[in-house]
Amino acid sequence: MLTSVQKEILQTLINLYQNSDGKSIKGEDIAEVMHRNPGTIRNQMQALRSLSLVKGVPGPRGGYKPTIEAYHTLNVSISNETSEVPIYKNDKLIEGVSVAKIEFTSVPHPGECEAAIKLLGSIKELNIGDTVRVGPTPVNNMGIIGTIVGRDDMDNLILLDITTIRSIPKNTVYEIASLNLITLKPGDSIKQAAKLFSDAGIDGAPVVTEGVAIGMVSLTDIVKALAEGKEELDVRDLMTKRLYFIEKEGNIAKAVYKMEKYGVSRLVVVNSEHSPIGIITRTDLIEKITNLKEFPLVYEDK
C-alpha cells in the first residue's frame, strides 16, 4: 500500500512524463511541482523503484520514468498522442492535460448524472463551479459537458455534474445521406427550380454539368429571387459557387466538423471520382446523432 506522499509523487511523475515526449523526469522537477525538498523525493523514489513503479535512468540527462505497473496502480490508462482526450474550460483547450478515464458514478435519471474524470496533467486550472467540456473520446466520439462539483488533487480527479452527453455514431455519410440526388443544370430558370423543389419536397440542390457540381441553390435563394420577380433568371446567376464536399466513406464526425467550420447546412457527397452522388444535411445528422427515429420522444398529457 502506497503512502499518500508516494502516491502524489507517482501521480506527479506520470503527469510530467505525459508531456515530456518520452524524456526522463528529474527529481528536482517533481520537487518543484510538489513544493517539497528534492532530498525527500529522492528518498521516496528508492522505495518506488523497489516496488517496480519507477525506473531510474542514469546519466546527465537521466531521471525517472513511470513503469506500466505505475499506471495500473493509479488506475490510469496508458495514453499516447493518437488517443489523447482533450478537456476544455470556457471553450478553451487546457494545454498539457488529457483525460485518462471516465467513470459514470450514477445514472439515476436524466439531470442527475455524475462522472469521475481521471486526468493526466496539472488540474490547478480546474476549480469547483467551472463548466468544462470533455472529449471527443477516440473510440465512440463521446463528448460530455458538466460543472465541476468535486476535486481530488491526490488522485488527479474531478467530479462532474453532467448536463449533456453526446456520442456521435460511427456511420459513414453514405449510410445516412439522401442518395436519390436531385440536381439542377445550367439553363434552368428560377421558376423551374422552384417547381422542382416543390415537387420533390427539398430545400436545396446542386447545379451539375457533365458530372461535375459547379454550384448550390437553396430554397432561400429561390424565395428571394421570386420575391424580386426574377423567376426567369438562370440558376447559374443565383447559385452559390463555393461548394463543400465530403467523400462517401467520410464519417458523421467529419461531416459535423465541416458544417461547423464552414457554416453550411449541407454537404455534397462524392464518390472516388469526385462525382456527386448524394446530399447530407444538418437535419440528417441531427436525426442520427439524437436517435430520434430509434428512440422517439414520448409526451404524457397531465
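This is a short walk through one protein chain, taking confidence, pockets, cores and a few backbone details in turn.

The model is predicted, so I start with the confidence. The chain has an average pLDDT of 85, and 91% of the residues reach at least 70. One stretch to set apart is residues 294-302, where the pLDDT is below 50. In the model that stretch makes two contacts beyond near neighbours in sequence.

Now the pockets. The volume of the largest pocket is about 600 Å³. Which residues are the closest to its centre? They are R166, I168, V256, E260 and I289, out of 23 residues that line the pocket. Several elements contribute at least two residues each to this lining: the strands β7, at 131-134, β8, at 142-152, and β9, at 157-167, together with the helices α8, at 252-262, and α9, at 282-290. By residue class, the lining consists of 14 nonpolar, five polar and four charged residues.

The second largest pocket holds about 480 Å³. Its lining has 17 residues, and the closest to the centre are T12, N15, V33, S122 and I123. Two elements give two or more residues here, α1, spanning 4-18, and α2, spanning 27-34. Of the elements, α1 gives the most, five residues. The classes in this lining are five nonpolar, eight polar and four charged.

Next, the nonpolar cores. The largest one has 21 residues, and the members that touch the most others are I30 and M45. Elements giving two or more residues to this core are α1, α2, α3, which covers 38-50, and α4, which covers 68-73. The largest share is from α1, with four residues. So what does I30 touch, leaving out residues up to four places away in sequence? The list is I9, T12, L13, L16, I25, I41 and M45. T12 thus appears twice in this talk: as a contact of I30, and among the residues closest to the centre of the second largest pocket.

There is another core, apart from the one just described, with 19 residues. Its members include C113, L119, L126 and I158.

On to the backbone. The peptide bond joining G135 and P136 is cis, with omega at about 10 degrees. P136 sits in the loop between β7 and β8, and both of those strands supply residues to the lining of the largest pocket.

Two asparagines have positive phi. N90 is not a glycine, yet its phi is about 55 degrees. This residue is in the loop between β3, residues 87-89, and β4, residues 92-93. Is N90 buried or exposed? Its relative accessibility is 63%, so N90 counts as exposed, the cut-off for that being over 50%.

N156 also has a positive phi of about 55 degrees, again without being a glycine. The loop here is the one between β8 and β9. N156 has a relative accessible area of 5%, so it is buried, since buried means under 20%.

I close with two glycines. G56 is in strand β1, which runs over residues 54-57. With a relative accessible area of 26%, G56 is partly exposed, because that value falls between the cut-offs of 20% and 50%. Not counting residues up to four places away in sequence, G56 touches R49, G63 and Y64. For a distance across the model, take G56 and D188: they are 132 residues apart in sequence, and their C-alpha atoms are 75 Å apart in space.

G250 lies in the loop between β12, at 245-247, and α8. The helix that follows this loop, α8, is one of those supplying residues to the lining of the largest pocket. At 8% relative accessibility, G250 counts as buried. Where does G250 find its contacts, leaving aside neighbours within four places in sequence? They are with N171, T172 and V173. Taking V173 from that list, G250 and V173 are 77 residues apart in sequence, with 5.9 Å from C-alpha to C-alpha.

That is the end of the walk-through.

Technical notes
Residues are numbered from 1 along each chain as its sequence is written. This is a predicted model: local features need pLDDT of at least 70, side-chain atom pairs count only at pLDDT 80 or more; totals for chains, interfaces and linings use all residues. Side-chain values use heavy atoms; hydrogens and water are left out. On a 1 Å grid over the protein atoms alone, a cavity is a set of points where a 1.4 Å probe fits but cannot get out, and a pocket is an open set with protein on both sides within 12 Å along at least five of seven lines; lining residues have an atom within 4 Å of a point. Grid points are joined across faces, edges and corners, and a volume is the space filled by probe spheres set on the points. Ala, Val, Leu, Ile, Met, Phe, Trp, Tyr, Cys and Pro count as nonpolar, Asp, Glu, Lys and Arg as charged, and the others, Gly among them, as polar. A nonpolar core is a set of buried Ala, Val, Leu, Ile, Met, Phe, Trp, Tyr and Cys residues joined through side-chain atoms within 4.5 Å. Buried means under 20% relative accessible area, exposed over 50%, partly exposed in between (1.4 Å probe, protein chains only). Contact means heavy atoms within 4.5 Å. pLDDT is the predictor's confidence in each residue, from 0 to 100.
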